[in-house]
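Student: Could you take a close look at a single part of this structure with me? I am new to this, so please explain the terms as they come up.

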Amino acid sequence: MPNSRNHCSLEFLGRYGLGVLVTAVWLGRTGGCPCQLHPEPPPASLPQTSKKLVNSVAGCADDALAGLVACNPSLQLLQGHRVALRSDLDSLKGRVALLSGGGSGHEPAHAGFIGKGMLTGVIAGAVFTSPAVGSILAAIRAVAQAGTVGTLLIVKNYTGDRLNFGLAREQARAEGIPVEMVVVGDDSAFTVLKKAGRRGLCGTVLIHKVAGALAEAGVGLEEITDRVSVVAKAMGTLGVSLSSCSVPGSKPTFELAADEVELGLGKLVTPWMAPADEIVALMLDHMTSSSNASHVPVQPGSSVVLMVNNLGGLSFLELGIIADAAVRSLEGRGVKIARALVGTFMSALEMPGISLTLLLVDEPLLKLIDAETTASAWPNMAKVWVTGRKRSRAAPTEPLAAPDSTAAAGRASKQTVLVLERVCTTLLGLEEHLNALDRAAGDGDCGSTHSRAARAIQGWLKEGPPPASPAQLLSKLSFLLLEKMGGSSGALYGLFLTAAAQPLKAKTDLPAWSAAMDAGLAAMQKYGKAAPGDRTMLDSLWAAGQELQAWRSPGANLLQILTKAVKSAEAAAEATKNMEAGAGRASYISSARLDQPDPGAVAAAAILRAILEVLQSQGV
């Protein structure tokens, strides 16, 4: 059996030593290997065997490789071996073949990087286990028989991989097949290098790319070997994990407390998880420190390729945050980022964590990185520098409304301010009450959402007088709430106000205001999919809207009809406590738990009441 203890270090990429930062080392803590391929049992307190979507533990590596080949017409399996090869081997006649591989569980490495311009083939071992010598030799023979002029083995620096690939190489050379081997060690964890050297990590994928571009260009075996050996010395990788992964059929291999992450081969205690910016800065500090024997000699003015690699279980949201932090941190140090690769390139099953790789580049090397490839796992990356690129554009300006300086407009503007201030005061006073109502049917933030809108309106009013034009006023309020209020309430109010503004562009009499109410309600129903009786804010507004139809009659009295509308809205809001929710978050809650009025309906009725009270006080 190969030395899997050395080989399997990759899946615990987030656990490399960091000198004084390391407070515990796995082997000293448990006496066992993280991959659990050795007889020492894990601590009894660890969880039971993790659930996996596999057919069998023994066959999972074969099934995974078969699935990749089945869905990729450019790949073929080598019968009798866990080997995947390019299906167009005959097209490589006269060129150098590139073979790599290692334990399964690091997908998409390595088979995802087979293709024109990258690898010719891959030899896969069982999960976190070096591939068999016989399979490596079979792959070498297969590419040789296809007419290639030599084979380069690209091997990660683990004892099992070095031994097995090395043995296969010697046997192939004894058969007269030209074979060279490059051992990649890009681990930047250790401050003092040991005899075993730096381990091979995600940077190996960049070596696949560079070697593949050279082979595709027809470069010879010896030159490719020499050039990629130089490139391999100009890069480094470091990772961090939030928890462990688990080999199929085994239990998770370690546990971390809420204030711990694994940085390198040791446990780093952080104050309830340090922010991503701080963790990334710590990683880059160590990777580039000259006191670290395995550092990357990156200095201000250096140009690099950055890889942000998902170790398997990190969300895309977190991956984006880490990528942003890495770019900002590097550029803040004066480092120029030529390319940034963000994704899953070399995983450790489902481990939630990331690794960062830095490769020093010049223009000739960058051309090799940019060279075309058909490998499925290589990203479709723009050939544009990250540093120096404009990453944002100015937001479009809103059309300027013609100022209205008439005396009537001034009075209307002052009245509008009074109405809006009363609405804001009302909503702020209802914050806790609305939140309490919302806890039974939603996430308890209805009051907070409306208060956020109220504060946004208050801030807007301090900037200057609101537009006198009703259409412009409603449009401005719509944009403000859509931007500041948030949640579905912000979207619904925004829809309502945007639609309500349209009838008021031509006229502003009472029939126009009634039409505005109808237009707003129609928009809310169209996009919110709610109807009267669904226990939503629409119930209050709909009841008011029905009363406001009377504004369309000749000689209609504004305040009398508005008073009836407000009372109807309040009654409708109270009636929602007896309704079964048909829309919104509350529709997912059992009706037996809904014995209070809908908070959105209560808020809408309160807004109408505030408007009425100001107009009454002004004697409109």
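Tutor: Happily; what follows is a walk through three helices and the loops beside them, with a short look at a few other places for contrast.

This is a predicted model, in which local features need pLDDT of at least 70 and side-chain atom pairs count only at pLDDT 80 or more, while totals for chains, interfaces and linings use all residues. Residues are numbered from 1 along each chain as its sequence is written, and side-chain values use heavy atoms, with hydrogens and water left out.

Let's start just before our helices. Pro503 sits in the loop that runs between helix H15 (487–501) and H16; the labels come from DSSP runs numbered from the N terminus, with helices (H or I) of at least four residues and strands (E) of at least two. With a relative accessible area of 25%, Pro503 is partly exposed, a class that falls between buried (under 20%) and exposed (over 50%), using a 1.4 Å probe and protein chains only. If we set aside the neighbours within four places in sequence, Pro503 touches Ala512, Ala515, Ala516 and Ala519, where contact means heavy atoms within 4.5 Å. Look also at Met517: 14 residues separate it from Pro503 in sequence, and their C-alpha atoms are 9.3 Å apart in space.

Met517 leads us to the first helix pair. Helix H16 covers residues 510–528 and helix H17 covers residues 537–548; their axes come within 10 Å and cross at roughly 150 degrees. Such axes are lines fitted to C-alpha atoms, for helices over the stretch in contact, and the angles run from 0 to 180 degrees between N-to-C directions. The crossing angle therefore makes H16 roughly antiparallel to H17. That word is used for angles over 145 degrees, whereas under 35 is roughly parallel, 65 to 115 is roughly perpendicular and the rest is oblique. The crossing of H16 and H17 is left-handed, meaning that the near helix is turned anticlockwise from the far one by less than a right angle; clockwise would be right-handed.

Which residues meet here? From H16 come Ser514, Met517, Asp518, Leu521, Met524 and Gln525, and on the H17 side they meet Met537, Leu538, Leu541, Trp542, Ala544, Gly545 and Leu548. Sorted by class, this contact holds nine nonpolar, three polar and one charged residues. In that scheme, Ala, Val, Leu, Ile, Met, Phe, Trp, Tyr, Cys and Pro are nonpolar, Asp, Glu, Lys and Arg are charged, and the others, Gly among them, are polar.

Now follow the chain through the loop between H16 and H17, where you will find Arg535. Arg535 has a positive phi of about 65 degrees, although it is not a glycine. Arg535 is also buried, with a relative accessible area of 2%.

On to the next pair. H17 packs against helix H18 (residues 558–575) at an angle of about 150 degrees, and the two axes are 7 Å apart. H17 is therefore roughly antiparallel to H18. The crossing of H17 and H18 is right-handed. In H17, Asp539, Ser540, Ala543, Ala544, Glu547 and Leu548 take part, meeting Ile561, Leu562, Lys564, Ala565, Ser568, Ala569, Ala572 and Ala573 in H18. This contact divides into nine nonpolar, two polar and three charged residues.

For contrast, turn to some places elsewhere in the chain. Phe128 lies in the loop between E4 and helix H4 (133–145). Phe128 is another residue other than glycine with a positive phi, near 60 degrees, and its relative accessible area of 0% makes Phe128 buried. In the loop between E3 and E4 you can find Pro108, and the peptide bond from Glu107 to Pro108 is cis, with omega near 10 degrees. His110 belongs to the loop between E3 and E4 as well; a cis peptide bond with omega about 10 degrees joins Ala109 to His110.
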